[in-house]
Amino acid sequence: AAILSLKAAISRRWKDRGRGRADANEQKKKYLSEHVKQLVRIFIVNLVIAGGRHTNSSNDIGINFITNVNEITALQLELLQDRQLQHNAASLLSKIGRLDLPLKFHELIPTLVEAVKRSQIATTTTLGAQSHPNIIMQTQAFQLIQYNAMNALEATLSEISTQRILVGRKYRNSISLQYLGSVVEFGFVPSLNNLQTSLTTNATADEQESVLSVQYATGCSRVVCHMLNSSLSKLVDDATAVIVVDHTLTFIHKFLSEWLPRMITEQNNNASDSTTPLIEAMKELLQVHCDMIVEVQNSHPGAFVRYLEPFLNLFHSSLMAVVEKRR
């Protein structure tokens with residue numbers, strides 16, 4: 001409730017948008033000072049990536065907490081686990097990003113990407129020693145931070161993707177050029193690889209854990225979609241970024257080639273009332289991937305032409321398989 005109240009206050013008091021002639025009530029309205037705004041920014045970011053951890057300075061974002069997560073408290077872990085709280089925090093960050101970026105709060109997106117990166121590295125490091133209770137809690141904290149940071153990043157990119165002014169488009173291009181590689185390397189690819197392992201080799205995996213894995217992969221995929229959809233034409237003109245794009249779209253094609261036929265078969269073999277949360281989550285993930293290809297191609301037809309044929313063949317063969325099964 002406090003986060004929602006703060007979001008409402010930010011909508012009214014964050015800044016004067018200068019729209020038209022202000023009436024008497026508008027002229028009396030007091031807007032938040034820059035100092036208060038900075039405190040709010042830091043508090044919400046720390047809530048997402050550190051469970052609200054207090055830092056030594058009011059201007060300190062707790063990114064270093066990720067490398068010292070053994071100091072985590074039960075309250076912090078609880079705040080990181082609170083899905084509704086984290087959803088509201090991500091929504092609030094996206095609202096602040098919409099009002100501030102690209103002129104202020106430049107550290108928002110770099111911090112969220114760095115949180116995903118550090119958490120992935122830390123999770124990979126600790127996975128081999130999960131028998132110790134402290135290691136289990138640390139690994140859980142890393143995964144929660146990664147999940148929360150990616151969701152906040154997706155919400156922010158979704159919010160700023162509607163900005164049509166030139167400075168907004170230039171900012172989105174710069175974000176994509178700088179951070180697509182990190183998102184793909186430390187978020188997108190590991191999430192799909194872990195999902196593949198969980199669904200194909202780990203027969204004893206808890207369904208709820210598998211659903212969370214699918215949901216995290218879906219969040220990663222949405223972030224990649226935002227970056228490609230806003231900036232593909234710029235990315236393919238950059239010698240380094242185009243390699244990342246090639247790898248990303250090849251990976252998506254491989255994933256769809258394996259799982260799209262499986263889900264079509266699953267849907268044909270089971271009645272609609274026998275679906276499970278895991279199947280529904282997988283449908284959403286595949287839908288995000290298919291929509292990504294359509295949306296990016298529609299936004300950048302010239303730049304996407306080099307990637308088009310394999311996806312056309314895949315979608316055509318999948319449709320034909322559905323037709324054949326219904327005969």
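These are my notebook entries on what I looked up in this structure, which is a predicted model.

**Entry 1: the core**

I began with the nonpolar interior and found that the largest nonpolar core has 90 residues. The residues with the most contacts inside this core are I49, I109, L153, F188, L228 and L249. I then followed one of them, L153, and, leaving out residues up to four places away in sequence, I noted that L153 touches I109, L112, V113, V183 and V223. As background I wrote down that nonpolar side chains tend to be buried together in soluble globular proteins.

**Entry 2: T248**

Next I looked up T248, which has its place in helix α10, residues 241–269. Is T248 buried or exposed? Its relative accessibility is 1%, so T248 counts as buried, the cut-off for that word being under 20%. With neighbours within four places in sequence left aside, T248 is in contact with V184, F188 and V224, and I recognised F188 from the list of residues with the most contacts inside the largest nonpolar core.

**Entry 3: helix α3**

I turned to α3, which runs over residues 34–50, and checked its length against what a helix should give. At 1.5 Å a residue, the 17 residues of α3 should span 24 Å, and the end C-alpha atoms are 23 Å apart, which agrees. How many of the 17 residues of α3 are buried? I found that 12 of them are, so α3 is largely enclosed by the rest of the structure. Among the buried residues of α3 are K37, Q38, R41 and N46, together with V48, I49 and A50. Just after α3, I noted that G51 takes a positive phi of about 65°.

**Entry 4: salt bridges**

A search of the whole structure finds eight salt bridges, and I followed three of them. As a general remark, side chains of opposite charge can pair when their charged atoms come close.

The side chains of E34 and R41 meet in a salt bridge at 2.8 Å, N to O. In this pair E34 is partly exposed, with a relative accessible area of 38%, whereas R41 is buried, with a relative accessible area of 2%.

E34 also meets K104 through their side chains, in a salt bridge of 3.3 Å, N to O. Because E34 lies in helix α3 and K104 in the loop between α5 (83–100) and α6 (108–126), this pair ties together parts that are 70 residues apart in sequence. K104 is partly exposed, with a relative accessible area of 39%.

The third pair I looked up was K283 and E280, whose side chains meet in a salt bridge of 3.6 Å, N to O. K283 and E280 are three residues apart in helix α11 (residues 277–299), so about one helical turn separates them. Both residues count as partly exposed, K283 at 32% relative accessibility and E280 at 38%. I then checked for shared partners, and found that such salt bridges join E34, R41, D100 and K104 into one network.

**Entry 5: a patch on the surface**

Last, I looked for nonpolar side chains at the surface. Which residues make the nonpolar surface patch of about 310 Å²? It is made by L103, I165 and V167. I165 is found in the loop between α7 (133–160) and α8 (166–200), and at 54% relative accessibility I165 counts as exposed, since that word is used for values over 50%.

Conventions: Residues are numbered from 1 along each chain as its sequence is written. This is a predicted model: local features need pLDDT of at least 70, side-chain atom pairs count only at pLDDT 80 or more; totals for chains, interfaces and linings use all residues. Side-chain values use heavy atoms; hydrogens and water are left out. A nonpolar core is a set of buried Ala, Val, Leu, Ile, Met, Phe, Trp, Tyr and Cys residues joined through side-chain atoms within 4.5 Å. Buried means under 20% relative accessible area, exposed over 50%, partly exposed in between (1.4 Å probe, protein chains only). Contact means heavy atoms within 4.5 Å. A salt bridge is a side-chain nitrogen of Lys or Arg within 4 Å of a carboxyl oxygen of Asp or Glu. Helices (H or I, at least four residues) and strands (E, at least two) are DSSP runs, numbered from the N terminus. Patches are made of residues with over 30% relative accessible area and no salt bridge: like charges are joined within 9 Å, nonpolar side chains (Val, Leu, Ile, Met, Phe, Trp, Tyr) within 5 Å. Accessible areas come from the Shrake-Rupley method with a 1.4 Å probe; for residues, only the protein chains shown count as cover. The expected span of a helix is 1.5 Å times one less than its number of residues.
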